[in-house]
Amino acid sequence: MDIPAPGEVAAPKPAADIPAPGEVRRPAPAPAPAAPAQPGPAGQAFGGGGGGFDPNEGLIADVGGDIPTKGNKGIVIIAALGALVFGIGLGWMLNNISSKGKLVATGKEKGAVMLKEVQDVAEMRKSISLKMEDIAKKMAADPKGGAADLKALSDANFEKHPKIDNLFGWQLAAVHKAGIQKTFELYEEANGLKTDLSYLSTFATAYADALKEGSGPRLFAVKFTKDKAVVVARTKAICGEAECEGGKESGATALGIIETVGGDETVLPIGSGDGQVMPIDPSGQMYGYIVGLKPENNASAVYASLLKRVMERLEAMNAAEGKALKALKNYSDDPDVDGSGQPEPGE
């Protein structure tokens, strides 16, 4: 073995003559005496040794069978890779088609849920609209009975609807944009209706007595406490120990007042101290602005204003629900994934 001396590195051995894949190792030729180089024939691109190129040179003639060419193995590998890529692509396409089919099926199912929810909200609106006509008539003759009907109407409907979470999902985004807009308008008005109807019901219940014809207060006073002053209704003026004659208040020492609608009358001394009252002079622009020209109708005016807001909500819902229902019906009947095939809903 050729071992180098300390500090020296062994000289590398010549690389083994390893044939390329698909080639056969060529035996080393026997040494031959050098011969003078002969020029190649005229026109030959490369000068060199004598004789033409022999394609079989360097091959062993009898190796048992045909020798495959170098390119065959590469062709097989490329074909295998191509088949693999094609198979993956085909599988992806089939899986994609299957997934889209599932999405469409899911869209159809969810579309039916969304359509049913909006239909229920529309039916709720119709029911409230019809009953509000009867309740408005009843309020004029029987405010307490009408107030009870308002509360029952609000509780019966808004415990069930609207359920906007039934609309949540990617399917809503695939509905025609005009239908989406009207659906949100419908639900915005429905939520507003819930609030306004609750206000109306609460007010009618609290002020049922004041809503009776001619039952509203006409004169007001201010009652003082340690930290605030509150407005009360005054019923009479007390002069000494009896009611002032002729309704005059110039010499009054106390006032009869009512602190709550439908409440009992109490008598408090006139003054600005704790537990005392002072009459409000029914004059000036601010008095007219706050109380109105007919103070006895003040509760009725507030009730009318609240009722008007409820009716406006119902009208706005009616205007929005047509396109919303049409768009959701179109989607429920023929859903797609991105909404590109949805027709514009009519009224």
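**Notebook: cores, largest pocket and selected residues**

Entry 1. I looked up the surroundings of Val-175 in this predicted model. Leaving out residues up to four places away in sequence, I found that Val-175 touches Met-114, Ile-180, Ala-327, Leu-328 and Tyr-331. I then noted a core of nine residues, second to and separate from the largest one, which includes Val-232, Ala-237, Cys-244 and Ile-257.

Entry 2. I turned to the largest nonpolar core, which has 40 residues. Val-175 is listed among its members with the most contacts inside the core, together with Ile-128, Met-132, Leu-150 and Leu-200. I recorded the elements that give two or more residues to this core as helix H1 (71-141), helix H2 (143-158), helix H4 (177-206) and helix H6. Of these, H6 gives the most, with 12 residues.

Entry 3. I checked the overall make-up of the chain. I counted six helices and six strands. Along the sequence they follow the pattern α-α-α-α-β-β-β-β-β-β-α-α. The chain has 347 residues, and 28% of them count as buried. Taking contacts between residues at least 6 apart in sequence, I noted that 63% join residues at least 24 apart.

Entry 4. I examined helix H2 on its own. H2 has 16 residues, and its first and last C-alpha atoms lie 22 Å apart, close to the 22 Å expected at 1.5 Å a residue. I listed its buried residues as Pro-143, Gly-145, Gly-146, Ala-147, Leu-150, Leu-153, Ser-154, Asn-157 and Phe-158. On the spacing of such positions I kept one general remark: an α-helix has 3.6 residues a turn, so residues three or four places apart point the same way.

Entry 5. Is Ala-152, in H2, buried or exposed? I found it to be neither: Ala-152 counts as partly exposed because its relative accessibility is 44%, which falls between the limits of 20% and 50%. I also looked up its distance to Ser-201: the two are 49 residues apart in sequence, with 9.0 Å between their C-alpha atoms.

Entry 6. I next inspected the largest pocket, which holds about 720 Å³ of space. Its lining has 29 residues, of which Pro-217, Phe-220, Val-232, Ala-233 and Val-261 are the closest to its centre. The elements that give two or more residues to this lining are strand E2 (229-239), helix H5 (285-291) and helix H6 (298-333). E2 gives the most, with five residues. Sorted by class, the lining has 19 nonpolar, six polar and four charged residues. H6 therefore appears in two of my lists, as a contributor to the largest core and to the lining of the largest pocket.

Entry 7. I followed Val-232, since it had come up both in the second core and in the pocket lining. Val-232 lies in strand E2. Val-232 counts as buried because its relative accessibility is 3%, under the 20% limit. Which residues are in contact with Val-232, leaving aside neighbours within four places in sequence? I found Leu-219, Phe-220, Ala-221, Val-222, Lys-223, Ile-257, Ile-258 and Glu-259. For Phe-220, 12 residues away along the chain, I read a C-alpha separation of 5.7 Å from Val-232.

Entry 8. My last lookup was Thr-260, in the loop between strand E4 (254-258) and strand E5 (265-269). Thr-260 counts as exposed because its relative accessible area is 51%, over the 50% limit. Thr-260 and Val-232 are 28 residues apart in sequence, and their C-alpha atoms are 7.7 Å apart in space. I thus noted an exposed residue, Thr-260, at 7.7 Å from Val-232, which is buried.

Methods
Residues numbered from 1 in each chain as written. Predicted model: local features only at pLDDT ≥ 70, side-chain atom pairs only at ≥ 80, totals over all residues. Heavy atoms only, no water. 1 Å grid on protein atoms, 1.4 Å probe; cavity = no way out; pocket = protein on both sides within 12 Å on 5 of 7 lines; lining within 4 Å. Points joined across faces, edges and corners; volume = space filled by probe spheres on them. Helix = DSSP H or I, 4+ residues; strand = E, 2+ residues; numbered from the N terminus. Nonpolar A, V, L, I, M, F, W, Y, C, P; charged D, E, K, R; others polar. Core = buried A, V, L, I, M, F, W, Y, C linked by side-chain atoms within 4.5 Å. Buried < 20%, exposed > 50% of the residue type's maximum accessible area, 1.4 Å probe, protein only. Contact = heavy atoms within 4.5 Å. Expected span 1.5 Å × (residues − 1).
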